[in-house]
Amino acid sequence: DLLVSDEGYRGVIVAVADGLTGVAVDGTEITCQAGVDLREASEMACELGLSGLEFACGIPGSVGGACFMNAGAYGSEMANVVTECSCVLTDGRTEVLPLQKLKLGYRTSLFKEKKNRIITAITYRLAAAPPAEIRGRMEQLMARRREKQPLEYPSAGSTFKRPAGHFAGSLIESCGLKGFTVGGAAVSEKHAGFVINKGGATAGDIRSLIEQVQEKVFLETSVRLEPEVEFIGR
């Protein structure tokens, strides 16, 4: 997920969701162009009786963005279902990369390490299963999300990566930061791992809050929290 500076971004932004939204199905494989909404991809897989993307049913963003950061939840991640990725290099060449070359790790990938490629399509290999069973798992996961996450407010999802041996939300809560605000931005009182927009928050508010949380958590626990959010612009 992105946090764009209040001053904007001096460069080109490609809105893949406006055009790269095609989907193709071949047996148990689904190929989605990069602009397909990840939640819609999980819904399509369910309707087709293909299991494997249930974990993604509540993750906001596109399939391209999910591959860029190897999005995951509830014990699964993109690396478990992706087989290959099509992309365009900044010099105009195209290539198709197999899973082994994508370097999918915890919230990282080849695309995050070397930002000279634009993802255009992702192929998932799934498994046949009764749609009712898939739907049941999706509903269970969404119920867990609604119970534990502040879905009633805008956010960029989980704000911080999970530090080794800890949980970011627990560390933030232990430092007394639940409900901490900067302008319209706040640490969620429902789940301290989420920074939410309670109304009128600027990008500056959100970034300042993130930095203050990082500083206090480090001072009190010696653990450095690393944002999952990508910052662009000045």
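Two strands pair if DSSP finds at least two bridges between them. Helices (H or I, at least four residues) and strands (E, at least two) are DSSP runs, numbered from the N terminus. The model shown is predicted: local features need pLDDT of at least 70, side-chain atom pairs count only at pLDDT 80 or more, and totals for chains, interfaces and linings use all residues. Residues are numbered from 1 along each chain as its sequence is written, and side-chain values use heavy atoms, with hydrogens and water left out.

**View 1. Strands E7 and E8 form a hairpin.**
E7 (residues 82-89) pairs with E8 in the antiparallel sense, over five bridges. Glu84 has Pro98 of E8 as its bridge partner. Four residues stand between the two strands of the hairpin, where Gly92 takes a positive phi near 100°. In a regular strand the side chains alternate between the two faces of the sheet. In E8 (residues 94-98), Glu95 and Leu97 make up the covered face, while Thr94, Val96 and Pro98 make up the uncovered one.

**View 2. Helix H1 has a buried side and an exposed side.**
H1 spans residues 38-47, and its buried residues are Leu38, Ala41, Ser42, Ala45 and Cys46. These residues lie on the same side of H1 because they cover an arc of only 140° around the axis. Buried means under 20% relative accessible area, exposed over 50%, and partly exposed in between (1.4 Å probe, protein chains only). The arc is that of the directions from the helix axis to the C-beta atoms. Glu40 and Glu47 are exposed on the other side of H1. The cover over the buried residues of H1 includes strand E3 (29-33), E4, helix H2 (63-68), strand E9 (117-125) and helix H4 (131-148).

**View 3. Asp37 and Gly49 flank helix H1.**
Asp37 caps the N-terminal end of H1, with a side-chain oxygen 2.8 Å from the backbone nitrogen of Arg39. Just after H1 comes Gly49, which takes a positive phi of about 75°.

**View 4. Helix H4 lines up its buried residues on one face.**
With 18 residues, H4 reaches 26 Å from its first C-alpha to its last, close to the 26 Å expected at 1.5 Å a residue. The expected span of a helix is 1.5 Å times one less than its number of residues. Ile134, Met138, Leu141 and Arg145 are the buried residues of H4. Seen down the axis of H4, they fall within an arc of 65°, so they line one face of the helix. These buried residues pack against H1, E4 and strand E5 (72-73). Ala132, Gln140 and Glu147 are exposed on the other side of H4.

**View 5. Ser51 in strand E4 is joined to Arg137 by a polar contact.**
Ser51 belongs to E4 (residues 50-51) and is buried, with a relative accessible area of 16%. The side chains of Ser51 and Arg137 are joined by a polar contact of 3.1 Å. A polar contact is a pair of N or O atoms within 3.5 Å; within protein, one must be able to donate a hydrogen and the other to accept it, and residues adjacent in sequence count only if both atoms are side-chain atoms. Not counting residues up to four places away in sequence, Ser51 touches Leu126, Ala127, Ala129, Ile134 and Arg137. Contact means heavy atoms within 4.5 Å.

**View 6. Ala128 in strand E10 is exposed.**
E10 covers residues 127-128, and Ala128 has a relative accessibility of 64%. Leaving aside residues up to four places away in sequence, Ala128 touches Thr28, Gly49 and Leu50. Ala128 and Leu141 are 13 residues apart in sequence and 19 Å apart in space, C-alpha to C-alpha.

**View 7. The structure holds zero disulfides.**
Cys57 is in no disulfide; the nearest cysteine sulfur, that of Cys46, is 9.4 Å away. Cys87 is in no disulfide either, and its nearest cysteine sulfur, that of Cys85, is 5.2 Å away. A disulfide is a pair of cysteine sulfur atoms within 2.5 Å. Cys57 counts as buried at 8% relative accessibility, and Cys87 is buried with a relative accessible area of 1%.

**View 8. Four strands form an open sheet.**
The order is E11-E14-E13-E12, with antiparallel pairing. Strand E11 (155-158) and strand E12 (181-182) are the edge strands, each pairing on one side only. E13 (residues 185-187) and E14 (residues 194-197) run antiparallel and are joined by three bridges. Ala186 stands opposite Ile196 in E14.
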